[in-house]
Amino acid sequence: ANATHYMTRSLELRRGLDNDELVLHYQPQIDGVSGDMVGVEALLRWNHPVHGLVGPSEIIPIAEKSGLIIEIGSWVLREACKQARIWQDEYGEKIQMAVNVSARQLQLAGFADSIAHELAISGLPAEHLEIEVTESLFMRDMADMRAKLQRIQDLGIRISLDDFGTGFSSLSYLRTLPFDQIKLDRSFVTDIDRGEEGRALAITIINMARNLGKTCIAEGVENDRQLEVLRDAGCDLVQGYLLGRPMSAQDISRLATATDG
């Protein structure tokens, strides 16, 4: 039954891609000091004709398994660059656009060129784009990954290491791979509420990021206590339901207009 279900879903996803059923939502990323929105993370949604709005945790595994991830990844990148450019024109200021990239995309030989192509078409300056890669990627071929990431960084694009601390975080990654930012996983943020040890770990990672000259963003911030600890520790950026849920481009525009005035 599982195989049938998977076949059905991947055919539906193929159709969804062709019929413009995919949509991006954006979650605000907030400056830890000023409280201003300085960026957004693009998050994939599927407007399924029967099941309604489907999130990435359902879409991505199907896309990865069926090979559709390459095409969907290109679509996400294109849409995100276009939208970031619109905001840049509207507000004249920098709203950083963060896009998640899968291992399959990164392994493509011409991936850096394809990003450069999307930037050129949209007219978005490279420094307004940030790609998020998860650390599980580096289990594979470290030297190859380093070369690929370096090409992307050479274009002027920022690179963020997602889910930091959840896998086999080897500190040697941080020394040898070209990163600009470390993303503190939500599990560490949740642990802030669980006493001294939980707080200590989050604070240690934030300090480590600073000592390495990287920015640090914390995701999954859901209450004032977590926010206070992160701010006091000098976390550069924060993201989570306390500060804004993933929302449509229109809602982000409203938010930008509100903070603008």
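In the predicted model, helix H10 spans residues 224-232, and its buried residues are Gln-226, Leu-227, Val-229 and Leu-230. Viewed down the axis of H10, these buried residues fall within an arc of 165 degrees, so they line one face of the helix. The exposed residues Asp-224 and Asp-232 are carried on the face of H10 that is turned away from the buried side. The cover over the buried residues of H10 includes three strands, E7 (181-184), E8 (215-218) and E9 (237-238), together with helices H8 (186-191) and H9 (196-211).

The surroundings of the helix ends were also examined. At the N-terminal end, H10 is capped by Asn-223, a side-chain oxygen of which lies 3.2 Å from the backbone nitrogen of Arg-225. Just after H10, a positive phi of about 85 degrees is adopted by Gly-234.

Leu-230, one of the buried residues of H10, also belongs to the largest nonpolar core, which comprises 74 residues. Within this core, Leu-230 is among the four residues that touch the most other members, the others being Met-97, Leu-129 and Leu-184. The largest share of the core comes from helix H3 (residues 69-91), which supplies 10 residues.

With residues up to four places away in sequence left out of the count, the contacts of Met-97 include Leu-129, itself one of the residues touching the most other core members. Met-97 further touches Val-40, Ala-42, Ala-80, Gln-83, Ala-84, Trp-87, His-128 and Glu-130, as well as Tyr-26. Tyr-26 is situated in strand E1 (residues 22-31). Because its relative accessibility is 3%, below the 20% limit for burial, Tyr-26 counts as buried. Between Tyr-26 and Cys-235 the separation is 209 residues in sequence and 21 Å in space, C-alpha to C-alpha.

A buried polar residue occurs in helix H4 (residues 103-107), where Gln-105 is located. Gln-105 has a relative accessible area of 5% and is therefore buried. Its side chain reaches the backbone nitrogen of Ser-102 at 2.9 Å. Beyond four places in sequence, Gln-105 touches Ile-69, Ile-70, Gly-73, Ser-74, Asn-100 and Phe-111. Among these partners, Ile-69, Ile-70, Gly-73 and Ser-74 fall within the range of helix H3, residues 69-91.

Conventions: Residues are numbered from 1 along each chain as its sequence is written. This is a predicted model: local features need pLDDT of at least 70, side-chain atom pairs count only at pLDDT 80 or more; totals for chains, interfaces and linings use all residues. Side-chain values use heavy atoms; hydrogens and water are left out. Buried means under 20% relative accessible area, exposed over 50%, partly exposed in between (1.4 Å probe, protein chains only). Helices (H or I, at least four residues) and strands (E, at least two) are DSSP runs, numbered from the N terminus. The arc is that of the directions from the helix axis to the C-beta atoms. Contact means heavy atoms within 4.5 Å. A polar contact is a pair of N or O atoms within 3.5 Å; within protein, one must be able to donate a hydrogen and the other to accept it, and residues adjacent in sequence count only if both atoms are side-chain atoms. A nonpolar core is a set of buried Ala, Val, Leu, Ile, Met, Phe, Trp, Tyr and Cys residues joined through side-chain atoms within 4.5 Å.
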